[in-house]
Each structure stands twice: as structure tokens, then as C-alpha cells.
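Q: Got a minute to go over a structure with me? I'd like to start with the ligand site.

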Amino acid sequence: MEEQGNQDKKKKTAENMNVLDSTQTVIKKALDKLGYPKEVYELMKEPMRLLTVRIPVKMDDGSTKVFTGYRAQHNDAIGPTKGGVRFHPNVTEQEVKALSIWMSLKAGIVDLPYGGGKGGIICDPRNMSFHELERLSRGYVRAISQIVGPTKDIPAPDVFTNSQIMAWMLDEYSRIREFDSPGFITGKPVVLGGSHGRESATAKGVTICIREAAKKKGIDLKDARIAIQGFGNAGSFLAKFMHDAGAKVVGVADAYGALYDSDGLDIDYLLDRRDSFGTVTNLFKDRLSNDELLEIDCDILVPAAIENQITEKNADLIKAGIVVEAANGPTTLQATKILSDNGVLLVPDVLASSGGVTVSYFEWVQNNQGYYWTEEEVENKLEQVMVQAFDNIYRLAHGRRIDMRLAAYMIGVRKMAEASRFRGWI
Ligand SMILES: NC(=O)C1=CN([C@@H]2O[C@H](COP(=O)(O)OP(=O)(O)OC[C@H]3O[C@@H](n4cnc5c(N)ncnc54)[C@H](O)[C@@H]3O)[C@@H](O)[C@H]2O)C=CC1
Ligand SMILES: O=C(O)CCC(=O)C(=O)O
């Protein structure tokens with residue numbers, strides 16, 4: 001089946017699609033607005049540490065394949081670094097670096113005692129067997145074991161990784177260190193010390209942001225029309241929460257195309273039929289393209305898949321009045337400006353998707369204290385954190401007449417800059 005990524009077509013434009021470059025641009029603006037000297041930007045523009053590893057894996061057919069992986073640690077002035085591990089064919093060093101910076105910003109925004117980290121392996125798990133994936137996951141942990149750990153850098157799930165992969169990684173780490181160490185990783189199965197509510201946490205956080213943004217725009221969520229690009233962990237739970245809230249989910253997309261129904265899709269059926277990689281559209285003949293999904297008539301649009309989906313090519317064609325970024329980096333800077341000029345309320349990734357790392361933090365705290373919370377406790381705490389974070393950023397954006405992305409970066413970098421200064425690094 002042909003993947004519908006529209007990357008190649010988009011690369012031909014002059015628009016800057018380099019996610020690291022774009023992030024650096026906004027970090028610089030945020031630090032300038034906060035009045036920090038240029039040394040602070042020099043420190044923050046790149047991760048402090050990046051490890052590249054080569055992981056040999058015995059494949060089921062007896063051959064050996066060598067995979068390239070990365071772990072980036074952006075800044076550990078506040079505490080251990082933290083962030084997911086992505087298994088995807090398009091993983092690059094630049095992407096992992098940008099993703100680690102975004103994790104630092106998220107930690108600042110929701111006030112967690114962490115810096116940002118992120119990992120990735122160039123691979124396509126959709127074409128690998130269960131056992132090959134286990135060997136790859138364990139090999140990655142062996143390769144990065146020196147720089148990670150519960151007080152150093154704590155991995156978690158991201159695109160095409162899940163609680164099973166976290167379980168193998170935990171087991172491998174515990175074997176290397178010769179003690180059981182649940183706080184090494186989050187997003188684990190609950191029976192291995194995972195937190196209730198972590199699986200749905202990213203989507204819960206996005207749901208709270210949608211609710212708050214809808215209030216600002218005077219949109220009633222009941223009967224609001226929503227389109228979601230991505231039907232994996234973030235996108236599928238979100239579809240369920242929106243459906244349960246009475247909204248009409250009129251469009252969903254995965255890597256192979258999109259489904260649309262102006263009367264609302266049958267979300268329970270789609271959830272039942274989707275596979276573990278968030279694929280569901282392949283079951284239908286009548287599909288739209290991913291590009292078409294972004295442009296459908298709806299009130300709320302949620303990119304929940306990969307980077308660089310909303311660009312200067314399609315930003316003007318977006319009909320939604322609210323765009324909430326569940327994915328990391330789905331909108332280019334040029335497109336951010338176009339949406340803002342068009343009066344679209346854009347809730348940026350570093351805020352909207354921070355529910356995942358927030359509950360990961362709760363998981364780590366529960367592991368450290370050996371005392372576990374109910375799902376209700378987790379959800380109440382997440383609600384408080386997200387509402388506060390949304391309010392801080394919305395108020396700053398309005399007060400300073402800037403877009404919410406810049407406001408989020410200003411709030412996200414501040415504590416890290418202060419901690420780095422107190423440590424005497426800058
Ligand atoms: N899982 C988590 O806790 C968090 C995830 N995120 C972000 O949310 C986004 C989605 O992540 P998950 O739902 O966890 O991943 P997932 O692996 O569960 O699902 C990924 C979805 O994206 C689709 N997809 C993959 N390649 C695509 C392409 N080239 N074009 C269009 N769609 C494509 C897949 O078909 C699938 O539906 C990512 O940007 C991730 O970094 C952000 C914060 C936390
Ligand atoms: O749960 C975590 O620690 C990290 C989640 C993540 O990778 C992200 O927010 O992009």
C-alpha cells in the first residue's frame with residue numbers, strides 16, 4: 001500500500017520545512033522578548049548531548065540488519081531529561097534534536113522537574129515481526145544505556161512505539177543494571193508500574209485544550225464538527241473523547257488516506273477496526289487524501305500524526321476556526337502566520353500535546369514513591385495542570401498581542417534559562 005505522505009511535493013517549495021531551524025527561530029524570538037542575552041540562545045538552540053547508535057538486529061530470516069538510532073538530551077539544568085522514542089522510516093538527526101527541544105518547552109509549560117529528551121530509530125515497524133521489534137527495542141536500550149536512567153533521562157512512547165515496547169525496554173534496562181527499575185521508562189503496562197490514564201493522557205490533554213479554545217471562540221462542542229489527522233494513540237483516543245462529548249467527528253486520516261462523512265463517522269466501529277499502528281482507512285474504498293482532509297469544512301482541526309502538514313501551500317485553504325496541534329510540529333512557521341492572520345485560533349503542539357508527558361511524570365512519581373493512584377486521581381491532576389497551562393499561555397498571548405506559539409515558547413524556556421543561569425552555565 002502506498003503511503004500518502006505529501007512530503008516530497010512539499011519539499012519542492014521554498015518554504016522552510018526544517019523543524020530544527022523553525023524551532024530555533026521561535027526560541028530566539030522568545031528569548032529576545034524575555035530580554036535574555038545571546039549566550040542563552042547559544043545554549044538552547046541545540047541539545048547538550050546527542051548520541052547516535054548503530055543497532056545490529058537478527059532478523060527472522062537469519063540475516064542481520066543494522067539500524068541507526070538517536071537519543072538527544074536538550075538541557076538537564078532542571079532535572080533529568082524526558083521524552084519519547086519514535087520508530088519511523090523518516091526519523092532524522094535534525095528531527096530528534098527538534099523533538100528534544102520541544103520536550104524541554106513542554107516541561108517548562110506544565111512545570112515539570114525535567115528537561116527535554118527524545119529518541120528515534122530509522123525503521124518501519126509495520127514491516128517487522130513482533131520478535132524483530134523486541135530485539136530492536138532491547139538493542140536500542142543496550143546502545144544508549146550509559147546515558148539514560150531514572151535520574152538521567154527517561155524514555156516513553158511516541159510514533160509507532162507503545163506499552164509493549166516500553167516493557168521490553170524496561171526489562172532490558174533492569175537486566176543491565178541488575179535491579180528492577182520501573183522509573184527508567186514511562187508509558188509501561190499498568191502491571192509493570194505504568195500509570196492509569198497514561199495511554200489516553202495525550203488525547204485527554206488535547207481534549208482539555210479544545211474545550212478551552214472552544215470557550216474562547218464561543219463554539220459549543222456539542223455538534224461542533226471536528227477533523228483529526230492521525231488515528232494512533234493521540235488521534236484515536238481523541239476521536240473517542242470528542243464523540244463522547246457530543247461533537248461530530250466528520251473526518252479522520254492515517255498514513256494511507258482519509259475518511260469523511262458530513263453526518264459524522266462511526267467512531268466506535270473505526271476504533272474497533274483500527275490496527276496497532278493506527279491504520280484504519282485501508283478498509284475503505286472511498287477515501288480522501290490526507291491533504292483533502294486538512295481542507296474539509298469543519299470547526300476544529302487536529303493534526304495528530306507527523307510534522308509539516310499545514311504549510312504555506314494549504315494554510316489559506318483551512319476552514320476550521322480552531323487548530324489544535326496534537327502532533328509535534330505539524331504546522332510550519334509560515335503557515336502559523338497565515339492562520340493567525342486569518343483569525344484562526346492555533347493551540348501549539350508544546351501546549352496541546354503536553355498531557356502525555358504530564359501523566360508520564362505522574363507515572364515516574366508513583367514509581368519513585370511505590371504508591372499508585374486511581375485513574376480518577378490522575379485525571380483530576382491532569383485537568384488542573386492543563387487548564388492552568390492553557391490559561392497562562394492564552395493570557396500572555398493576548399496581553400502581548402502575539403500568537404500562542406510564541407507565548408508558549410516564552411513560558412516554556414523561562415525556567416530552563418533561569419536554572420541554567422543559577423548553575424553558572426551562562
Ligand atoms: N503518544 C504520545 O504520548 C504522544 C504523541 N505525540 C505526538 O502525536 C503524534 C502522533 O503520535 P501517536 O499517536 O503516539 O503515534 P501512533 O504511532 O500511535 O499513530 C501515528 C498515526 O499517524 C499516522 N501517520 C504515520 N505516518 C504518517 C504520514 N506520513 N502521513 C499521515 N499520517 C501518518 C499513522 O497512520 C497513525 O494513524 C506525533 O507527532 C507524536 O509525536 C505528542 C505527545 C505525546
Ligand atoms: O511521555 C513522555 O515522557 C514523552 C511524550 C512525548 O514524547 C511527547 O510529548 O512528544
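A: Sure. This is a predicted model, and in it α13 gives the largest share of the shell around ligand 2, three residues.

Q: How many residues surround ligand 2, and which are the closest?
A: There are 14 around ligand 2, and the closest are Lys-82, Lys-106, Lys-118, Arg-198 and Ser-360.

Q: How does that shell divide into nonpolar, polar and charged?
A: Four of the residues are nonpolar, five are polar and five are charged.

Q: OK, polar contacts next. What does an oxygen atom of ligand 2 have 2.7 Å away?
A: That's an N or O atom in the side chain of Lys-118. Arg-198 also has a polar side-chain atom 2.9 Å from an oxygen atom of ligand 2. With Gly-84 the partner is a polar backbone atom, 2.9 Å from a ligand 2 oxygen.

Q: And how much of ligand 2 does the protein bury?
A: The protein buries 96% of the 290 Å² that ligand 2 exposes when taken alone. The elements giving two or more residues to its shell are α4 (93–109) and α13 (355–369).

Q: Switching topic: how many disulfides does a search of the whole structure find?
A: Zero.

Q: Why no bond for Cys-209?
A: Because the closest cysteine sulfur, in Cys-298, is 17 Å from the sulfur of Cys-209, too far for a bond. A disulfide would need the two sulfurs within 2.5 Å.

Q: Is Cys-209 buried or exposed?
A: Buried, since its relative accessible area is 0%.

Q: And Cys-123, buried or exposed?
A: Cys-123 counts as buried too, because its relative accessibility is 5% and the cut-off is under 20%.

Conventions:
Residues are numbered from 1 along each chain as its sequence is written. Chains are lettered from A and ligands numbered from 1 in the order in which they are written. This is a predicted model: local features need pLDDT of at least 70, side-chain atom pairs count only at pLDDT 80 or more; totals for chains, interfaces and linings use all residues. Side-chain values use heavy atoms; hydrogens and water are left out. A residue is near a molecule or strand if one of its heavy atoms lies within 4 Å of it. A polar contact is a pair of N or O atoms within 3.5 Å; within protein, one must be able to donate a hydrogen and the other to accept it, and residues adjacent in sequence count only if both atoms are side-chain atoms. Accessible areas come from the Shrake-Rupley method with a 1.4 Å probe; for residues, only the protein chains shown count as cover. Helices (H or I, at least four residues) and strands (E, at least two) are DSSP runs, numbered from the N terminus. Ala, Val, Leu, Ile, Met, Phe, Trp, Tyr, Cys and Pro count as nonpolar, Asp, Glu, Lys and Arg as charged, and the others, Gly among them, as polar. Buried means under 20% relative accessible area, exposed over 50%, partly exposed in between (1.4 Å probe, protein chains only).
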